[in-house]
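Biologist: I am new to this structure. Please show me how to read it, one feature at a time.

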Amino acid sequence: MAKFEEVFEDTQELFSRSVDQIDNLREVNIKILANNRLKEIGKVVKANDLLKHMTNEDIIILLNETIFEQLETEQKEMVIEELIAQIYFDDERGKIVIIKPDVNTFSLLLRKYGYDKYETLHESIKALFAQGEEEAAENQQ
């Protein structure tokens, strides 16, 4: 069995439908490939210059399709949205960027406190850092 395979037609359609709804990704060539050896549900990879030259693909999404096919419809949509959300096209610079998820914490903490408290905490921390930087800048003047 090959390490990489084409995804099933219905999987390709689900991804295509989601990508088509995002205006700034319409110019990005995205290839979905199955890699059932992945230890995670999916992975987003930016094509290097050689691969882009040979295939004209900008982004490759690797998907463990064996696991993906066992998910319920809503779960599949969530996985697709999570993978696609990592792709950002910077219009000003004309560059494609792979971004990291904005929530990176332990699931136990999210279960204990909920997402709203987690978000409030991190917004408060950002505000305190910004305030500290402003005060430091004022003290230097």
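Modeller: Start with the elements. Helices (H or I, at least four residues) and strands (E, at least two) are DSSP runs, numbered from the N terminus. This is a predicted model, where local features need pLDDT of at least 70, side-chain atom pairs count only at pLDDT 80 or more, and totals for chains, interfaces and linings use all residues. Residues are numbered from 1 along each chain as its sequence is written, and side-chain values use heavy atoms, with hydrogens and water left out.

Biologist: How do I check the length of helix H1 (residues 9–20)?

Modeller: The expected span of a helix is 1.5 Å times one less than its number of residues. H1 has 12 residues, so it should span 16 Å, and its end C-alpha atoms are indeed 16 Å apart.

Biologist: Which residues of H1 are buried?

Modeller: Buried means under 20% relative accessible area, exposed over 50%, and partly exposed in between, with a 1.4 Å probe and protein chains only. In H1, Thr11, Phe15 and Val19 are buried. Look down the helix axis and take the directions from it to the C-beta atoms. The buried residues of H1 fall within an arc of 65°, so they line one face of the helix.

Biologist: Why can residues spaced like that point the same way?

Modeller: An α-helix has 3.6 residues a turn, so residues three or four places apart point the same way.

Biologist: What do the buried residues of H1 pack against?

Modeller: Contact means heavy atoms within 4.5 Å. The buried residues of H1 pack against strand E2 (30–34), strand E4 (59–63), helix H3 (65–68) and helix H4 (73–84).

Biologist: In what order do the strands of the open sheet lie?

Modeller: Two strands pair if DSSP finds at least two bridges between them. The open sheet has 4 strands in the order E1-E2-E4-E3, with mixed pairing. Strand E1 (5–6) and strand E3 (42–46) stand at the edges with a single partner strand each, so one side of each has no neighbour in the sheet. E2 and E4 run parallel, joined by 5 bridges. Ile32 has Ile61 in E4 as its bridge partner.

Biologist: How do E5 and strand E6 (residues 95–98) pair?

Modeller: They are antiparallel, over 4 bridges. Asp90 has Lys95 in E6 as its bridge partner. The hairpin of E5 and E6 has 4 residues between the strands, and Gly94 there takes a positive phi near 65°.

Biologist: Which residue other than glycine has a positive phi?

Modeller: Most residues other than glycine have a negative phi. Asn56 has a positive value, near 65°. Find Asn56 in the loop between helix H2 (49–55) and E4. Asn56 is partly exposed, at 46% relative accessibility.

Biologist: Which residues touch the most other members of the largest nonpolar core?

Modeller: A nonpolar core is a set of buried Ala, Val, Leu, Ile, Met, Phe, Trp, Tyr and Cys residues joined through side-chain atoms within 4.5 Å. In the largest core, of 20 residues, Phe15, Val28, Ile30, Ile59, Ile61, Leu83 and Ile87 touch the most other members. H1, E2, E4, H4 and strand E5 (87–90) each supply at least two residues of this core. H4 gives the most, with 4 residues. A second, separate core of 5 residues includes Leu38, Ala47, Ile60 and Leu62.

Biologist: Is Lys76 of helix H4 buried or exposed?

Modeller: Lys76 is buried, with a relative accessible area of 13%. Beyond neighbours within four places in sequence, Lys76 is in contact with Leu14, Phe68, Glu69 and Leu71.

Biologist: How many aromatic pairs are there?

Modeller: Rings of Phe, Tyr and Trp (its six-membered ring) pair if their centres lie within 6.5 Å; planes under 30 degrees apart count as stacked, over 60 as edge-to-face and the rest as tilted. The count here is 2. The rings of Phe15 and Phe68 have centres 6.2 Å apart and planes at 35°, so that pair is tilted. Phe15 lies in helix H1 and Phe68 in helix H3, so the pair ties together parts 53 residues apart in sequence. Phe15 is buried at 1% relative accessible area, and Phe68 is buried at 0%.

The rings of Tyr115 and Tyr118 have centres 6.1 Å apart and planes at 40°, so this pair is tilted. Tyr115 and Tyr118 are 3 residues apart in helix H6 (residues 115–140), about one helical turn. Tyr115 is partly exposed at 38%, whereas Tyr118 is buried at 14%.
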